[in-house]
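Let's walk through a protein structure together, one feature at a time. Have the 3D view open and turn it as you read.

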Amino acid sequence: MELNEEMRSDGLKYIVGQWQVDYVVNAWSDDLAHIPASEFKSEDGNDFSAISFEFFEDHTVILKNSANGKEVSGEWEQKDMLEYRYTLKDFLALPEGAFCENAEKLSVVDGHLAFSVGFLVIAMKKIREGTVTKKPDIGDIEMSEADAADDKLVGRYTPAKAFSVIGGDFRLCTREEVEAEMKRMADAGEEPDGGMLEAFSVTVEIASDHKLYQWMKLPDGISDEEIKAAIEEGEIAAVKDGEFCTGANDWKCLDGKYYYDTKEERELFGEKQSSWEELTFDEDGLLNFGSGMMKLKKI
């Protein structure tokens with residue numbers, strides 16, 4: 001799996017800190033019991049609880065043995081969502097090959113970091129959080145003069161594809177596919193969901209004033225008085241050309257990348273997340289929008 005920026009950020013926060021050996025498992029045992037580190041003695045008579053790893057945000061690592069005061073430095077990297085790899089200048093003089101590779105591989109298992117030395121699986125628990133420098137939120141970063149003048153994104157867009165249920169599968173579909181599914185349902189005596197085409201009625205306007213507007217067609221038969229009342233009550237923000245807009249989102253360009261403020265309250269593992277989302281184009285030139293729930297084409 002290719003790690004994106006969010007996965008790497010989460011992986012960094014997870015591993016940075018101090019980890020101490022918690023238990024050992026003998027892979028050749030019948031019950032694969034978790035032997036407490038304090039009960040498992042090494043050849044020198046010390047127990048494994050003396051071993052700890054400290055990982056830093058600059059991707060360095062220090063192995064410490066509190067029994068003899070020895071420290072060994074090295075580097076680490078994230079390989080997958082649940083896998084890391086580290087290298088140390090001198091780690092128990094392990095032989096090259098699979099034996100060493102397994103010892104230098106860290107896997108996340110039930111909240112522990114585990115590696116293997118021969119037939120022993122060694123699991124570590126986190127005993128102290130480390131320091132991870134918080135990156136500034138997209139919303140707090142000012143655009144440069146060149147970024148502010150970037151108008152490549154400016155224009156009006158309509159959905160080319162949107163997520164819908166077709167034949168029992170929830171996937172990105174074209175309007176034609178949704179219409180065909182609705183006809184199939186009607187022909188089979190089923191009642192099509194009237195909202196299946198709703199996503200395709202939206203027009204997204206990305207304006208030069210760095211506002212992003214979502215427009216929808218005004219319902220048939222609505223009066224000027226009803227429109228005025230809806231605006232006064234804040235139900236809609238604006239009306240033009242037979243369409244209404246419920247509000248505006250900010251968008252910006254930073255170093256050639258585009259972002260917009262979804263205004264959504266987001267949280268991950270109890271930690272508040274940015275409401276800003278990157279706007280990217282796919283291989284067909286369609287603009288990914290709404291956390292990937294839509295693909296927009298420029299009109």
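**Salt bridges, a pocket and a few odd corners**

E54 and K64 form a salt bridge, and their closest N and O atoms are 3.0 Å apart. Because E54 belongs to strand β3 (residues 51-55) and K64 to strand β4 (residues 60-65), this pair ties together parts that are 10 residues apart in sequence. Before we go on, keep in mind that you're looking at a predicted model.

How covered up are the two partners? E54 has a relative accessibility of 10%, so it counts as buried, since the cut-off for that is under 20%. K64 has a relative accessible area of 24%, which makes K64 partly exposed.

That pair has company: the structure holds 20 salt bridges. Try finding the one between the side chains of K295 and D282, where N and O are 3.1 Å apart. K295 sits in strand β21 (residues 294-298), while D282 is in the loop between β19 and β20 (287-289), so this pair links distant parts of the chain, 13 residues apart. Is K295 buried or exposed? K295 is buried, with a relative accessible area of 14%, and D282 counts as buried at 14% relative accessibility. Salt bridges can also share partners, and here that joins R156, E205, K240 and E243 into one network.

Now look for R171 and E177, whose side chains meet in a salt bridge with 3.5 Å from N to O. R171 is partly exposed, with a relative accessible area of 31%. E177 is partly exposed too, at 30%.

Next, hunt for some nonpolar surface. V165, F170 and M293 make a nonpolar surface patch of about 290 Å². F170 is part of strand β11 (residues 169-173). Why does F170 count as exposed? Its relative accessible area is 53%, and exposed means over 50%, so F170 makes the cut.

Time to look for empty space. Rolling a probe the size of a water molecule over the atoms shows where such space is left. In this model, the largest pocket holds about 1,500 Å³ of space. It is lined by 37 residues, and the closest to its centre are E5, E6, S9, K135 and S274. Which elements give two or more residues to that lining? They are α1 (5-15), β5 (70-80), β16 (257-261), β18 (271-273) and β19 (276-279). Helix α1 gives the most, with 8 residues. What sort of residues make up the lining? Sorted by type, they come to 9 nonpolar, 9 polar and 19 charged.

Last stop: a couple of backbone oddities. Most residues other than glycine have a negative phi. D241 goes the other way, with a positive phi near 50 degrees. You'll find D241 in the loop between β14 (238-240) and β15 (243-254), and at 73% relative accessibility D241 counts as exposed. K263 has a positive phi as well, near 65 degrees. K263 lies in the loop between β16 and β17 (266-268), and K263 counts as exposed at 53% relative accessibility.

Notes: Residues are numbered from 1 along each chain as its sequence is written. This is a predicted model: local features need pLDDT of at least 70, side-chain atom pairs count only at pLDDT 80 or more; totals for chains, interfaces and linings use all residues. Side-chain values use heavy atoms; hydrogens and water are left out. On a 1 Å grid over the protein atoms alone, a cavity is a set of points where a 1.4 Å probe fits but cannot get out, and a pocket is an open set with protein on both sides within 12 Å along at least five of seven lines; lining residues have an atom within 4 Å of a point. Grid points are joined across faces, edges and corners, and a volume is the space filled by probe spheres set on the points. Helices (H or I, at least four residues) and strands (E, at least two) are DSSP runs, numbered from the N terminus. Ala, Val, Leu, Ile, Met, Phe, Trp, Tyr, Cys and Pro count as nonpolar, Asp, Glu, Lys and Arg as charged, and the others, Gly among them, as polar. Patches are made of residues with over 30% relative accessible area and no salt bridge: like charges are joined within 9 Å, nonpolar side chains (Val, Leu, Ile, Met, Phe, Trp, Tyr) within 5 Å. Accessible areas come from the Shrake-Rupley method with a 1.4 Å probe; for residues, only the protein chains shown count as cover. A salt bridge is a side-chain nitrogen of Lys or Arg within 4 Å of a carboxyl oxygen of Asp or Glu. Buried means under 20% relative accessible area, exposed over 50%, partly exposed in between (1.4 Å probe, protein chains only).
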